[in-house]
Amino acid sequence: MKGGAAPKFPANLFFEVSNLCDLKCAMCGPFSALNDMRLFSLKEEERGFMKAPEESKLADVLKHALRIQVFGYGEPTLNPDFKDFLDIAGKYEALISFFSNGMHFSDEIVEKIIDNNVHEITISFSGTTKEEYESVYIGGVWETVLDGLKRINKRKQESGSRYPIISVNSLAYRHHVENLDRFVDVMADAGANVIYLKPLVPVPTVPALGQHASIFRHWVDGEVLSRAATKAIAAGILLSTDLYTSVGARDEADYQRRQNRFYINSGLDPDNLPPVTPITELRDLAKNTKLKKPSKGVDEIPLEDDGDVSASELNAGGMYCLEPFNTMYIGRNLAVKPCCNAPSTTKFDSVRTKSALQVWDGDAYRAARTAILNDKYPSYCRECVRTGNAYAEHDFVGTIASYGTWYTSVFQSDFNCVPLPKIISLGSNADVAVRHRGSLKKVFNRILAATGG
C-alpha cells in the first residue's frame, strides 16, 4: 500500500469445492430453470466436485490466511468430501465461511461446522411464505432450509458458542421488500443473526424477473424498512439494507429512469412491457421453458486477451481493485484465478502442479498487480470494472475486528498482536488511490459521474 512489495501471502482463500447446484433459482443465470440458454451456461466449463488438493502444496498460504472461504459458484455441501474441507481449514486459525442454499444441513455437517469453529454461514433466502420462497428458489423446500438453520442454532447454544454467525442473503424483490418486517420474524424464529437486503441484479436471460425488482424509494419503502429495523433490534438481529438503499431513487423521475434502465438490462422494452408473471407462477413458467441444446462436449468461451485496458477508459481512474493483492481463488479443477469474479477462462496456474505460494508469486499475479498499480486493468477485468462490480471496498478494519472477536471467543485468549491504529490509518482501497496518486480530483469526479452530480 506504500508502494513497496506485494503481500507475501494471500489474506483471502477460496476453495471452489463444487460448481454444481441442485436448485434452479430463478435469478441464478447458469442454473435458472427460466433460462432457456441454461444448458449452454452449464457447459462453459466442466462441472463436478473438487477433490481435496495435497495439503503440503497449500500449507504456506493456509497458515497465513485470514479468511478461508469453502465455496465457489455452486453448492458446496453437495460435495461428498465437504466435511474434509472443513477439517483441513479448521486446522488453521482463520475465519472459515461459505454460502449455501441451506438444503443439506445434516446432523453430521452441523457437527463439523461447530467442531471447526466456522465463522459464518450465509444462506440464500427471500420471501415470507413457503409459496413465495419455493417459487423463486426452484427446487428448494421451505421447511428443510428453516429446520437446518434451527439445527445449527441449537448446536451453537448447546456448545456455548456464538459461531457460526448465521447470515441470510435476501434479494430486493418487490414482494419481499413489501413484507420485510414479516421476513425478520421468520428469520428470528430460525435463529438468524444477520439479514442482508441486496438489490436484484438484471438477468437478461430471465426477462420475467425484470418487473419484480424493487428499486428503493424512501417515500414508499422507508416505512416498512423502519418497521423491519425495529423488529430486528428487538430480536437481536443485524439488518443491513445499505446496499439496497444506496442505489435508491432520489425522486419519481429518477425512479422511472432507473426502472426503465433495469427493464432494458433485463431484456425488456420499457415501452412495450409484457403482462407481469406473478411471482408465485414462476415455477409453472419454468416448466414450459423450452431449453436450447448445445453440441456435445465442453464449450468454453474463448477469452479475448488484447492487453491491459486503461482505467480511465473503464471509468475506474483513481480506484484500485485489490483482489490480485488479497485473494487466491482455487477452482474445482485446481486452476487458480485472482478473484471470484474473474471469468472461468482466466487461469493463472494450477496447484495441481505447483504450490499455492509459487502460483501467488508467479508471472500472472505479478502482471495483474503491475497493471492495476499503473492505472490499467488486465483485459479479463473489463466487464467486472465496467459494471461496477470490481474494487468493492476492502474493509481491512472490519476484517481485523471480526477476526479479533472470533479469535478471542473461540480460543479464550486476548487478541492483541495487531496494531489496530496502524491498520485503521491505512483505510480502504479508495484511500490508497488518493494517497498513491495524490489526486482527490479524480476520485471526486468519479463520485460525481456515478451519482449524476
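Of the 453 residues in the chain, buried residues make up 48%, a value that, like the others here, is computed from a predicted model. The accessible surface of the chain comes to about 21,600 Å², and carbon and sulfur atoms account for 52% of that surface. The chain contains 20 helices and 12 strands. When contacts between residues at least 6 apart in sequence are considered, 76% of them join residues at least 24 apart.

Methionine 50 offers a way into the interior. This residue is placed in the loop between helix H1 (38–42) and helix H2 (59–62), and it counts as buried because its relative accessibility is 0%, where the cut-off for a buried residue is under 20%. Apart from its neighbours within four places in sequence, methionine 50 is in contact with Phe15, Glu16, Val17, Asn79, Phe85, Ile330, Gly331, Arg332 and Leu334. For one of these partners, glutamate 16, the separation along the sequence is 34 residues, while the C-alpha atoms of the pair are 6.8 Å apart in space.

Leucine 334, another of the residues in contact with methionine 50, lies in the loop between strand E9 (327–330) and strand E10 (335–337). Its phi is positive, about 75°, although leucine 334 is not a glycine. With a relative accessible area of 8%, leucine 334 is buried.

Phe15 and Phe85, which are both among the contacts of methionine 50, also appear in the lining of the largest cavity, together with Pro53, Leu58, Ile88 and Ala89. A search of the whole structure finds 1 cavity of 30 Å³ or more, and the volume of the largest cavity is about 30 Å³. Helix H3 (residues 82–90) supplies the largest share of the lining, with 3 residues. By class, the lining consists of 6 nonpolar residues, with no polar and no charged residues.

A second buried position is found in a strand. Leucine 239 lies in strand E7 (residues 238–240) and counts as buried because its relative accessibility is 17%. Once neighbours within four places in sequence are set aside, leucine 239 is in contact with Leu180, Ile195, Ala228, Ala229 and Ala232. The C-alpha atoms of leucine 239 and valine 194 are separated by 5.9 Å, although the two residues are 45 apart along the chain.

Two further loops deserve a look for their backbone geometry. In the loop between helix H4 (107–115) and strand E4 (120–124) is asparagine 117, a residue other than glycine with a positive phi near 55°. Asparagine 117 is partly exposed, with a relative accessible area of 29%. Proline 164, in turn, lies in the loop between helix H6 (142–159) and strand E5 (165–171), and the peptide bond that joins tyrosine 163 to proline 164 is cis, with omega about 5°.

Helix H17 (residues 396–411) brings the account towards the end of its numbering. At 1.5 Å a residue, its 16 residues should span 22 Å, and the end C-alpha atoms are 22 Å apart, so the expected span and the distance in the model agree. The buried residues of H17 are Thr399, Ile400, Tyr403, Gly404, Trp406 and Tyr407. Glutamine 412 follows H17, and its phi is positive, near 50°.

How values were computed
Residues numbered from 1 in each chain as written. Predicted model: local features only at pLDDT ≥ 70, side-chain atom pairs only at ≥ 80, totals over all residues. Heavy atoms only, no water. Helix = DSSP H or I, 4+ residues; strand = E, 2+ residues; numbered from the N terminus. Expected span 1.5 Å × (residues − 1). Buried < 20%, exposed > 50% of the residue type's maximum accessible area, 1.4 Å probe, protein only. 1 Å grid on protein atoms, 1.4 Å probe; cavity = no way out; pocket = protein on both sides within 12 Å on 5 of 7 lines; lining within 4 Å. Points joined across faces, edges and corners; volume = space filled by probe spheres on them. Nonpolar A, V, L, I, M, F, W, Y, C, P; charged D, E, K, R; others polar. Contact = heavy atoms within 4.5 Å. Areas by Shrake-Rupley, 256 points an atom, 1.4 Å probe, with all protein chains shown as cover.
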